Each structure stands twice: as C-alpha cells, then as structure tokens.
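This report takes up a sheet, some backbone geometry and the cysteines. The sequence and structure come first.

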Amino acid sequence: MNQSVAERARRVASEVQSVVPDEESFTSPLHSTRTAAILGITLGITFTICFVTGLVSHLHQNPVSWLPLPSRPAGLYRASQSLHIATGIASVPLLLAKLWTVYPSLLERPVVGSVAHLLERISLIPLVGGSLFMLFTGSANIVQWYTPMDFYFTPGHFWAAWITMGGLVVHIGAKVPAARLAISRRAPDLHPPSSGGLDRRGFLATIFATSGVLTLATVGQTVWPLRRLSVLAPRLPDRGPQGHPINRTFAESAIKPDALTEENYRLVIGGAAPKGFSLTLAELRAMPQHETDLPIQCVEGWSYSARWRGVRLSDLLDRAGVDPAAMLRVDSIESNSLYGSSPLNAEQARDRDTILALEIDGQPLAPDHGYPLRLISPNRPGVQQTKWLGTVVVL
Ligand SMILES: Nc1nc2c(c(=O)[nH]1)N[C@H]1C(S)=C(S)[C@@H](COP(=O)(O)O)O[C@H]1N2
Ligand SMILES: [Mo]
C-alpha cells in the first residue's frame, strides 16, 4: 500500500468509525462494515430488479395513454414478473441478515452527529420499514394469504415501493464511501475472523445459500424444468384442471351455469363499435380458428404455457367496423370481481395472437379455465387474461 492510499484509508476509516459503533459495542465479528457492505450491495441489486419489474407490472395493470405497452415480445411479461417474484423471495434472507448485521449501529451514540448523519438516520425509517412491508406483503400475496390486506395490496405495495426506494437512494448516497472502503479491504479489519463460531465468510455463505435454496424451492412455479425441485411453490405449471393451475375457480366466480349453455350463451361486440353484433357458440366455432402457444403468467409468480385455439379478436373488430386505433375492454360475465375486466390498447387488441380462446391444449376449456371463451394475449399479466367472456367493449 503506498503512502497516499494508506493516508486516504486512515481518513475514511476514521469517518467510518464515526458512523459505526466502536469495536466494543459489537458482540460478534459478523456485525462488521464489510459484511454489511456485501449484503447491502446484493440487496441493492435485488431491490432494483424487483422495483423495475414491479413498475412494469404496475404499468400493465394501470395503463397510461402516453406509454402504450407493446404486445411483443410475447414472453416478456413472463420473464419480468418471474424475476420480480424471484428477486423478492431471494431478498428475504438477505434483508434479515443485513438487519441483524447492522442493528448495533442503531444503538450508537451520539444519536445525531451531523446534518448528513441525521438525514442518513432518518432515511432508515422508510428504508427499513418499507423493505419489511414490501417483502411481507409480497410474500403474503404469493402464498395467497390475502386476509391481512384485502384490497389494500396493490396500491399499498406500489406506494411503499417508492418510499422504500427513496430511502434506499439516500442510504446508498450516505454509505458509498464506507462500503467502498470496506469492500476494497484497505480498511483495518475491525473484526478479524473469530476463533470459534461462524466467521464472516461462513455467515455470508450461509445467507447466500439460504437465499439460493429458497429461490430454487419456489422458482419452479414458473421455470418448467425446475418444477420438481420447487417444494415450496404454491402452484406448479403442470398441476390443476387440464394440467394447469388456476386462480379463481368457476365455483368462486358465482356465474350461473345456465348463462353458459349452448342456447343461452352470447358474445357481444358492443360499446362504440359502429356495427355491433353478437355471436352464439356455434357461430364462434364456425369462424376461422387460430392457434397460438402463449403463457399465462400470474402476478403472484406462477406461470404455464399452453396451446390456445380460438377466434382472432382482430377478425371480430374488423367485422364490427372498429377503427384500428381504438382502445378496448373485454368484460367477463362474472360480476362483482376485480379481475373480470381487461383493457387492451390498439396494438394489443390487433396482435395476430390475441385471441378469444375456445380451447386449451386441444380440448374445450374446462369451466375453471374460462369455458366457453377466454381472452389470451401476448406479453400480458395473467390477471388480464379474462375468463368467461361476455362482452368486447369498444371505447
Ligand atoms: N373473469 C375472471 N378472469 C380471470 C380471473 C378472475 O378472477 N376472473 N383471474 C385471472 C388471473 S389472476 C389469472 S392468473 C388467470 C389464470 O388463468 P387460469 O385460471 O385459466 O390458469 O386468469 C385470469 N382471469
Ligand atoms: Mo393471477
């Protein structure tokens, strides 16, 4: 180490010492700046991926006219949402380890050293509170434990993400010098590996392994080849009616079965369509049929691919004389559901693979998969692949 580097290291080390507690207040060598920095950098990466993919999902579910989402690549939403859930799950052990590593510094005195220090302390409230809230609500949603949140999940999870990321940006700004130094190993190692117990490497290896195992134990809900490994996945891509999972069952939809018989069922093309019309099931089957392989990717993390067969939405729109730039909504027969309606921008509506499906994998849809007709469209969340279709509403 040359002179100037050694000098700088001493200077930064003294700054670091002033923002972390002194040696005596640590009870374990694991509470070191280096451990905290390594966990912090890893969490910075997983949180950033989780945040960006979360925004993508939010934008799909709350579309804005100035940023119409493309319908291609067909599997993009699946990749994005799978990453969202996987990075969220992987973050749980990392966050707990990080909190455990740094908690002694919360007991540090003086409580407030400088304005910068005060800001850094305050930013911990949204950061720590927000992180715990995000991972708790996200995990509860994945395991379908909606009781503690009801309708509060989507907006709560969305706004808390911004608050958490705000805290994270301030925290990173404040911690970069200390983290750099700790990582570069130029800092005096305050806590050399202990003689007994878990040393830093062992601790970090255990945390990363826990994170990896937890990810493997769940990611098979969306990564087909890993489905047998995923013992903790709430849904698996090959389990369920017609070999695929479902979210809401037909029974839960509370649709009266007579609404769906050959005689009674009608699909209506309405709203602002210049030449609206309705079709029976026999008429739908008599139209040109189109086949496509597309995934259902639930926002909760599970997904599967299937081969769908049915009528192209664009064929119906052309027949109704609908403007190619028109926006649409498709509505389910199911009433009083949050998920019974799905918006489509012009590109999504006109995509050649956006179909009203009558069949899944060569069989008529089972009631649980949306018999007699469901929407399936590329690059969209499962929640928008509406089942038990009743009306195409031109806006
Ligand atoms: N009408 C209606 N359509 C719906 C839902 C619903 O609750 N009601 N759930 C959606 C959700 S959240 C998902 S993930 C997909 C799942 O499709 P599947 O049940 O056929 O697998 O259906 C979607 N379509
Ligand atoms: Mo879903």
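## Strand pairing in the sheet

The model is predicted. Begin with one residue pair: Arg329 has Pro343 of β6 as its bridge partner. Arg329 falls in strand β5, which spans residues 328–332. β5 and β6 run antiparallel and are joined by four bridges.

These two strands belong to an open sheet of five strands. Its order is β2-β1-β10-β5-β6, and its pairing is mixed. The edges are held by β2 (277–279) and β6 (341–344). Each has a single partner strand, so one side of each lacks a neighbour in the sheet. On average, neighbouring strands of this sheet are turned by 20° against each other, direction ignored. In general, strands of a sheet pair through backbone hydrogen bonds, parallel or antiparallel.

## Cis peptide bonds

Most peptide bonds are trans. The bond from Arg72 to Pro73 is cis, with omega near -10°. Pro73 sits in the loop between α2 (33–61) and α3 (76–106).

The bond from Tyr371 to Pro372 is also cis. Its omega is near 5°. Pro372 is in a loop as well, between β8 (363–364) and β9 (374–376).

## Positive phi outside glycine

Most residues other than glycine have a negative phi. Ala254 is not a glycine, yet its phi is positive, about 60°. Ala254 lies in the loop that runs between α7 (250–253) and β1 (267–271). β1 is one of the strands in the five-stranded sheet.

Asn379 also has a positive phi, near 50°. Its loop lies between β9 and β10 (389–394). β10 has its place in the sheet between β1 and β5.

Which of the two counts as buried, and which as exposed? Ala254 has 61% relative accessibility and counts as exposed, because the cut-off for exposed is over 50%. Asn379 has 3% and counts as buried, because buried means under 20%.

## Cysteines

How many disulfides does the structure hold? The number is zero.

Cys50 has a relative accessible area of 15%, so Cys50 is buried. Cys298 is at 6% relative accessibility, so Cys298 counts as buried too.

Note on methods:
Residues numbered from 1 in each chain as written. Chains lettered and ligands numbered in written order. Predicted model: local features only at pLDDT ≥ 70, side-chain atom pairs only at ≥ 80, totals over all residues. Heavy atoms only, no water. Pairing = 2+ DSSP bridges. Axes fitted to C-alpha atoms, helices over the stretch in contact; angles between N-to-C directions. Buried < 20%, exposed > 50% of the residue type's maximum accessible area, 1.4 Å probe, protein only. Disulfide = S-S within 2.5 Å.
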